[in-house]
Amino acid sequence: MTPDHRLDHRVVLRAYAQTARTAHDTLTALDQLSGDGDFGDNLREGLDRVETALGERPDDAAFAVAASVFLDEVGGTSGPLIGLLFQEIARALALSEDAREGWRTGVTEGLAAIQRVGEAEPGDRTMVDALVPARDALTAGEDFAGTARAALFGAQATAGIRARRGRAAYVGDRALGAPDPGAIGVALLFWSLAGVAEPDAGVDTLEELLGRARDGG
């Protein structure tokens, strides 16, 4: 693992922004099955704004900048929820000298905040289904690559879940066989983190991940 002092969270967010651009079409197609079809746009455009804001606020903590953008400027159901996750990650990283400990606390508190606001539980086919396994992996002492794998596995497993929350709950079985776009989008945060922190860990390529998301397998 890259030593903590070398883990630049601005680089992590820029990697996540590039990932969102590459994944945009897949996330949009998934959301068209179960939502308004705007998740890919909101995630990509929100992270583009984060990149701009990082350049304008060079002295501010990276995830604090990202939180303010998503909480204040990004629409849709997911924008403020991702903003809450970023906000808690920012707080935890500011209080910890160890990156993995900061991420463990931040993801734990971010998940709790998202559940308080959205009232989603594991198995509801939401981003919670990616965040719970990520939290559990971090709590168990997994490295960032292991955490990414856990989050991606949880996100992909939503392909077999009938939604109980959000707009997807009204489309019945139409979305079965395809994973929840919010879960995939959030899991890609951990994939981006692992790529920066542990580039030699052997996590699947983005092309492989998106191919499985499109195929539902």
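# Helix α7, the nonpolar core and inter-helix salt bridges

E119 is partly exposed, with a relative accessible area of 49%. The structure discussed here is a predicted model. In this model, E119 lies in the loop between α5 and α6, and its phi is near 60°, a positive value in a residue other than glycine. R125 is found in the loop between α5 and α6 as well, and the phi of R125 is also positive, near 65°. Most residues other than glycine have a negative phi. Is R125 buried or exposed? At 2% relative accessibility, R125 counts as buried, whereas E119, at 49%, is partly exposed.

**Helix α7**

Helix α7 comprises residues 144-157. At 1.5 Å a residue, its 14 residues should span 20 Å, and the end C-alpha atoms are 20 Å apart, which agrees with that expectation. The N-terminal end of α7 is capped by D143, a side-chain oxygen of which lies 3.4 Å from the backbone nitrogen of A145.

How many of the 14 residues of α7 are buried? The count is 10, so the helix is largely enclosed by the rest of the structure. The buried set begins with F144, A145, G146, T147 and A148, and continues with A151, L152, G154, A155 and Q156. A145 therefore appears both among these buried residues and as the backbone partner of the D143 cap, where the cut-off for "buried" is a relative accessible area under 20%. The helices against which the buried residues of α7 pack are α5 (99-118), α6 (128-139), α8 (181-197) and α9 (206-215).

**The largest nonpolar core**

The largest nonpolar core contains 67 residues, of which F63, F86, W103 and L188 touch the most other members. Helix α8 supplies the largest share of this core, 11 residues. For F86, the contacts beyond four places away in sequence are L13, Y16, F63, A66, A67, F70 and L189. F63 is thus a contact of F86 as well as one of the four residues touching the most other core members.

**Salt bridges between helices**

Side chains of opposite charge can pair when their charged atoms come close. The model has 9 salt bridges, among them the three tabulated here.

| Salt bridge | Distance, N to O |
|---|---|
| D48 and R21 | 2.6 Å |
| E51 and R21 | 3.0 Å |
| E73 and R49 | 3.7 Å |

In the pair of D48 and R21, D48 lies in helix α2 (residues 39-56) and R21 in helix α1 (residues 9-34), so the pair ties together parts that are 27 residues apart in sequence. D48 is partly exposed, with a relative accessible area of 28%, and R21 is partly exposed at 31%. The pair of E51 and R21 likewise joins helix α2 to helix α1, so that parts 30 residues apart in sequence are tied together. E51 is partly exposed, with a relative accessible area of 23%.

The salt bridge of E73 and R49 links distant parts of the chain, with E73 in helix α3 (residues 62-73) and R49 in helix α2, 24 residues apart. E73 counts as partly exposed at 43% relative accessibility, and R49 counts as partly exposed at 39%. Through shared partners, salt bridges join R21, D48 and E51 into one network.

Key: Residues numbered from 1 in each chain as written. Predicted model: local features only at pLDDT ≥ 70, side-chain atom pairs only at ≥ 80, totals over all residues. Heavy atoms only, no water. Helix = DSSP H or I, 4+ residues; strand = E, 2+ residues; numbered from the N terminus. Expected span 1.5 Å × (residues − 1). Buried < 20%, exposed > 50% of the residue type's maximum accessible area, 1.4 Å probe, protein only. Contact = heavy atoms within 4.5 Å. Polar contact = N/O pair within 3.5 Å; in protein donor to acceptor, adjacent residues only side chain to side chain. Core = buried A, V, L, I, M, F, W, Y, C linked by side-chain atoms within 4.5 Å. Salt bridge = Lys/Arg side-chain N within 4 Å of Asp/Glu carboxyl O.
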